[in-house]
Amino acid sequence: MIIESNISNKVVKAIRDLYGQEVPEKMVQLQKTRSEFEGNLTLVVFPFLKMSKKKPEDTAKEIGEYLLTNEKSVANYNVVKGFLNLSIAPSAWIGLLNTIHANEHFGERQADDQSPLVMIEYSSPNTNKPLHLGHVRNNLLGWSLAQIMAANGNKVVKTNIVNDRGIHICKSMLAWQKWGNGETPESSGKKGDHLIGDYYVAFDKHYREEVKALTTQLMAEGVGEEEAVKRAKEEAPLIKEAHEMLVRWEQGDPEVRALWEKMNSWVYAGFDETYRALGVSFDKIYYESETYLVGKAKVEEGLARGLFFRKDDNSVWADLTNEGLDQKLLLRSDGTSVYMTQDIGTADMRFKDYPIDKMIYVVGNEQNYHFQVLSLLLDRLGFEWGKDLVHFSYGMVELPNGKMKSREGTVVDADDLIATMIADARQMSEDKVNKLEGISEEEKAEIARIVGMGALKYFILKVDARKNMLFNPEESIDFNGNTGPFIQYTHARIRSILRKAAAEGITLPAVLADDMPVNEKETDLIQKMNEYGAAVEQAGKDYSPSGIANYCYELTKQFNQFYHDYSILNANTEAEKQVRLVLAANVAKIIRNGMRLLGIEVPERM
């Protein structure tokens, strides 16, 4: 970006000096020269023809001559119609490589006191079941987005809203009361979230049996099948008991609340273990059992201000017809809240806790309408960031054998998936015995963890978040192609080269001399490294971890082609060896930093 910036400034001056016209720098269009043409950067000349009043070729030649005379980074040029292809001087490439080499976080920006504060909500689990594959995608996207926004110079707060209240929570509680026999995570050896999830599945199994039996009874009494099923679902004893428990919870019944707190504590311990394995965390966790009351108060306040209206049945609604939507329920007729009310309460609590400039919700695309409505309601209630809230809407994730159904106990469990990925990575490393000689079992296990988790994370994050995706564990852990292990292996290979260099007494120079030699493949690699900053910036604008993943893959692929063509430690001259070692070290650095933005570790050896 340094070379491009210098050239852009000189083009602006060229237009002023040659044609007497002032142009904004954004009018200067520089792009990488296409491979079939000579040059490194191409200037699009067409925007300047009105000023030059000359043919595209003549205008390009005049600007080219000006740059050749006035910009030391330009060594030569050629013209193809309205395109000015610029060849960059070797000294400029070395200067750029020195700049990259000197900055441990080249291409990233650091936040300061004046930086905007971005809050990112992700995870949002229910306390009635463990995290599954869908949660994995959510958590990985949220964590990566937080790193990308921070790398763009924002202050970032990572937050989670836990759905710890409602009928689904009571179902697990009731099932444990009925069939648990006092079972605990300690007595069963199960993670707490798995234990509670088992009782949620058990409730559904018994409930479906009751509905089936009741439906048969009602139909025998002459009730039509459709009506019989509907009544059976409403009148089954289990669901009635669950609703009664919910009412007691709402009323603060000590016994129900004590059971709720105990079972939730088991779940939170289980969640924390999974979060640690995924490498994600939060700066602040909110709980719907607290936010829903704040939401009800905000809705009542909005009602008093005439922002909402009450229907004859005592329910409270927002009329959004003027915004092209419909009417939205905020409080039921019995005064209980809905999800929208809870989200309003959570927003109010967050706004009081932090000076939020931008709010990003990482939630699946089935909630698109919900966040469209929430944005309007928050703006109506006076939240400064309400209208501009971002719903980072992502698609569903499936396995090759189909969708997940948590109530039937066929969920793709996050913990099982993590364990499988690490085990597969360990098996693959065992197949490469010679690569891991001389290291301890603990190191082998750590490498397997890093590679297995890297495979999982990269495979999920390389896909455009907006798209539905098919997660294939076997494809993800391949050491070839666009995979995490392929990128990790390249990093480990470079680190091995640098270790060999150190063993031979070769140290990396702090600064390379301007007259160091660089060939075409080396300048292409420097140019690719230089694009990291633009990739980070674009990923921040687009909220796109996949942009970073694809950049890391392209850089890795380009380095491997270079390494295939040129030796580093056996270069022909000491000067070439120095340049290539600095090149390799900085490719490894940018891979490490880019993968960090995806929440992926890179090993020193594989």
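# Helices, caps and buried residues in a predicted model

Q: Which residue caps the N-terminal end of α19?
A: In this predicted model, a side-chain oxygen sits 3.1 Å from the backbone nitrogen of lysine 521. That pair is within the 3.5 Å limit for a polar contact. The oxygen belongs to the capping residue, asparagine 519.

Q: How many of the 11 residues of helix α19 are buried?
A: Helix α19 covers residues 520-530. Its buried residues are Glu522, Thr523, Leu525, Ile526, Gln527, Lys528, Met529 and Asn530. The helix is therefore largely enclosed by the rest of the structure, and the count of buried residues is eight.

Q: What share of the residues of the chain count as buried?
A: The chain has 606 residues. Its secondary structure comes to 22 helices and 14 strands, and its C-alpha atoms fill a box of roughly 95 × 65 × 45 Å along the principal axes. Counting residues under 20% relative accessible area, the buried share is 52%.

Q: What percentage of the contacts with a separation of 6 or more come from residues 24 or more positions apart?
A: The base here is the set of contacts in the chain with a separation of 6 or more. Residues 24 or more positions apart account for a share of 74%.

Q: What distance does helix α11 reach from its first C-alpha to its last?
A: Helix α11 runs over residues 254-278, so 25 residues enter the expected span at 1.5 Å times one less than that number. The reach is close to that expected value. From end to end it comes to 36 Å.

Q: Which residue caps the N-terminal end of α11?
A: The backbone nitrogen involved is that of glutamate 255. A side-chain oxygen lies 3.0 Å from it. That oxygen comes from aspartate 253.

Q: Which residue takes a positive phi just after α11?
A: The helix has buried residues including Trp260, Trp266, Phe271 and Leu278. Just after the helix, phi is about 75°. The residue is glycine 279.

Q: Is asparagine 181 buried or exposed?
A: Asparagine 181 is in the loop between α6 (167-179) and α7 (185-188). Its phi is positive, about 50°, although it is not a glycine. Most residues other than glycine have a negative phi. Because its relative accessibility is 78%, asparagine 181 counts as exposed.

Q: Is tyrosine 543 buried or exposed?
A: Tyrosine 543 also has a positive phi, about 50°, without being a glycine. Its loop runs between α20 (532-542) and α21. Relative accessibility is 19%, and the cut-off is under 20%, so tyrosine 543 counts as buried.

Q: Which residue's backbone oxygen does the side chain of threonine 556 reach?
A: Threonine 556 lies in helix α21 (residues 545-565). It is buried, at 0% relative accessible area. Beyond its sequence neighbours within four places, it contacts Phe486, Ile487, Thr490 and Ile591. The backbone oxygen lies at 2.7 Å and belongs to cysteine 552.

Q: How many disulfides does a search of the whole structure find?
A: Cysteine 170 is buried at 2% relative accessibility, and cysteine 552 is buried at 1%. A disulfide needs two cysteine sulfur atoms within 2.5 Å. The number found in the whole structure is zero.

Q: At what angle do the axes of helix α16 and helix α18 cross?
A: Helix α16 covers residues 441-461 and helix α18 covers residues 484-503. Ile450, Val451, Gly454, Ala455 and Tyr458 in α16 meet Gly484, Pro485, Ile487 and Gln488 in α18. The axes come within 8 Å and cross at roughly 130°.

Q: Is α16 oblique, parallel or perpendicular to α18?
A: The crossing angle is roughly 130°. It lies outside the 65 to 115 degrees range for roughly perpendicular and is not over 145, so α16 is oblique.

Q: How far apart in space are phenylalanine 471 and isoleucine 460, C-alpha to C-alpha?
A: Phenylalanine 471 is in the loop between β14 (469-470) and α17 (473-476), and it is buried at 0% relative accessibility. Its contacts beyond four places in sequence include Val397, Leu417, Phe459 and Ile460. Isoleucine 460 is 11 residues away in sequence, with a C-alpha distance of 7.0 Å.

Q: How many residues apart in sequence are leucine 117 and aspartate 357?
A: Leucine 117 is in strand β5 (residues 117-121) and is buried at 10% relative accessible area. It touches residues including Tyr354, Pro355, Ile356 and Asp357. The C-alpha atoms of leucine 117 and aspartate 357 are 5.3 Å apart, while the sequence separation is 240 residues.

Note on methods. Residues numbered from 1 in each chain as written. Predicted model: local features only at pLDDT ≥ 70, side-chain atom pairs only at ≥ 80, totals over all residues. Heavy atoms only, no water. Helix = DSSP H or I, 4+ residues; strand = E, 2+ residues; numbered from the N terminus. Buried < 20%, exposed > 50% of the residue type's maximum accessible area, 1.4 Å probe, protein only. Polar contact = N/O pair within 3.5 Å; in protein donor to acceptor, adjacent residues only side chain to side chain. Contact = heavy atoms within 4.5 Å. Axes fitted to C-alpha atoms, helices over the stretch in contact; angles between N-to-C directions. Parallel < 35°, antiparallel > 145°, perpendicular 65-115°, else oblique.
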